[in-house]
Amino acid sequence: MAENEHNLKLDNMNTEIRDRVKSFAVKLTTDLVNNLESITITGSSLTNDFRSGKSDINSVLVLAKLDLNSLNVLVSMAKAMARKKIAAPLLMTKDYIERSLDVFGIELLDIQLTHETVLGEDPFASLTFAKTDVRLQCERELKAMLIRLRHGYIASAADKRLLRDILISTVIGTVPLLRAMLWLKDVDRPKISEAVLEKAAGEFSIEIDSLIRALKWRNENIHPGKDETINAYEPIYETIEQLSLIVDKLEV
């Protein structure tokens, strides 16, 4: 797809990222030529979760084929992308997307909810998912998260900085799972992380104060003391454990 900047659909882009997305897209259309089918921006850069200077710009490139040449094009762009806080894009084909609905439902549902296709046809808007597949993935992810939390707590050896990062990562990873669980119940899904937690608290009767606190650590670059960090572990763990039991019994 050899396109110029006039073909880009950037009107819905945050003005703070528009120029970066534009230069990124123009470079891709020049270097990937006919292998590039679409460019889609996803994630926090499209919402009020975006933090200037901290949040990355995430994207999905749909290619006609996944080949080494395309990877090398992105390798050549890596340093420039890092300077502009553009994360390495996800690379997919249309066939890959269609054949992954049963195993990556959570991720694709999240992309479908919050995305802007700036070049080419939108590959996500018309996707449909089986609730049984999404429920199973939610259960698997939550139970794996419990394992990682236990292992992470031991591995941190009470290092408050490492434990803080583990807890923040857990909460960030929980947000798309909660969106998927809300979708399973046919409930509207907020795009903003804190709003997702609040909506889930009402729908699933879970405690979210500790999760919101960990989000605040990240968003406001807070580094709590050792006792506060350790004390946050148990309520976060208990909430994830409760969610794993809820989704295990969820009828879809």
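Helix α3 supplies three residues to the lining of the second largest pocket, which is the largest share of that lining. In this predicted model, that pocket has a volume of about 150 Å³. Its lining consists of E37, S38, K94, I97, E98, E121, D122, P123, S126 and L127. Two elements, β1 and α3, give two or more residues each. Sorted by character, the lining holds three nonpolar, two polar and five charged residues.

Two of those lining residues are worth a second look. E37 and K94 both appear in the lining of the second largest pocket, and their side chains meet in a salt bridge, with 3.9 Å from N to O. E37 belongs to strand β1 (residues 36-42) and K94 to helix α3 (residues 94-98), so the pair ties together parts that are 57 residues apart in sequence. If you are curious about solvent access, E37 is partly exposed at a relative accessible area of 25%, and K94 is also partly exposed, at 48%.

Let us stay with charges for a moment. Side chains of opposite charge can pair when their charged atoms come close. The structure holds ten salt bridges, and another one of them joins D56 to K85, whose closest N and O atoms are 3.2 Å apart. Here the partners sit in loops: D56 in the one between β1 and β2 (58-63), and K85 in the one between α2 (68-83) and β3 (90-92), so this pair ties together parts 29 residues apart in sequence. D56 is partly exposed, with a relative accessibility of 32%, and K85 falls in that class with 24%.

From loops we can move to a helix. Helix α5 (residues 131-156) contains 26 residues and spans 36 Å from its first C-alpha to its last, close to the 38 Å expected at 1.5 Å a residue. Within α5, E139 and K143 form a salt bridge with an N to O distance of 2.6 Å. They are four residues apart, about one turn of the helix. An α-helix has 3.6 residues a turn, so residues three or four places apart point the same way. E139 is buried, with a relative accessible area of 11%, whereas K143 is partly exposed at 38%. R135 joins E139 and K143 in a network of salt bridges.

E139 has company in being buried: the buried residues of α5 also include V134, R135, L142, M145, L146 and L149. Among the elements that cover the buried residues of this helix are α4 (105-113), α6 (160-184) and α9 (226-249). Just after α5, A157 takes a positive phi of about 50°.

Helix α5 also brings us to the largest pocket. This pocket has a volume of about 1000 Å³ and is lined by 39 residues, with G43, N58, D110, I172 and P176 lying nearest its centre. At least two lining residues come from each of β2, β3, α4, α5, α6 and α8 (209-219). Which of the elements gives the most to this lining? Helix α6 does, with seven residues. As for character, the lining of the largest pocket divides into 16 nonpolar, 13 polar and ten charged residues.

Methods
Residues are numbered from 1 along each chain as its sequence is written. This is a predicted model: local features need pLDDT of at least 70, side-chain atom pairs count only at pLDDT 80 or more; totals for chains, interfaces and linings use all residues. Side-chain values use heavy atoms; hydrogens and water are left out. The expected span of a helix is 1.5 Å times one less than its number of residues. Buried means under 20% relative accessible area, exposed over 50%, partly exposed in between (1.4 Å probe, protein chains only). Contact means heavy atoms within 4.5 Å. A salt bridge is a side-chain nitrogen of Lys or Arg within 4 Å of a carboxyl oxygen of Asp or Glu. On a 1 Å grid over the protein atoms alone, a cavity is a set of points where a 1.4 Å probe fits but cannot get out, and a pocket is an open set with protein on both sides within 12 Å along at least five of seven lines; lining residues have an atom within 4 Å of a point. Grid points are joined across faces, edges and corners, and a volume is the space filled by probe spheres set on the points. Ala, Val, Leu, Ile, Met, Phe, Trp, Tyr, Cys and Pro count as nonpolar, Asp, Glu, Lys and Arg as charged, and the others, Gly among them, as polar.
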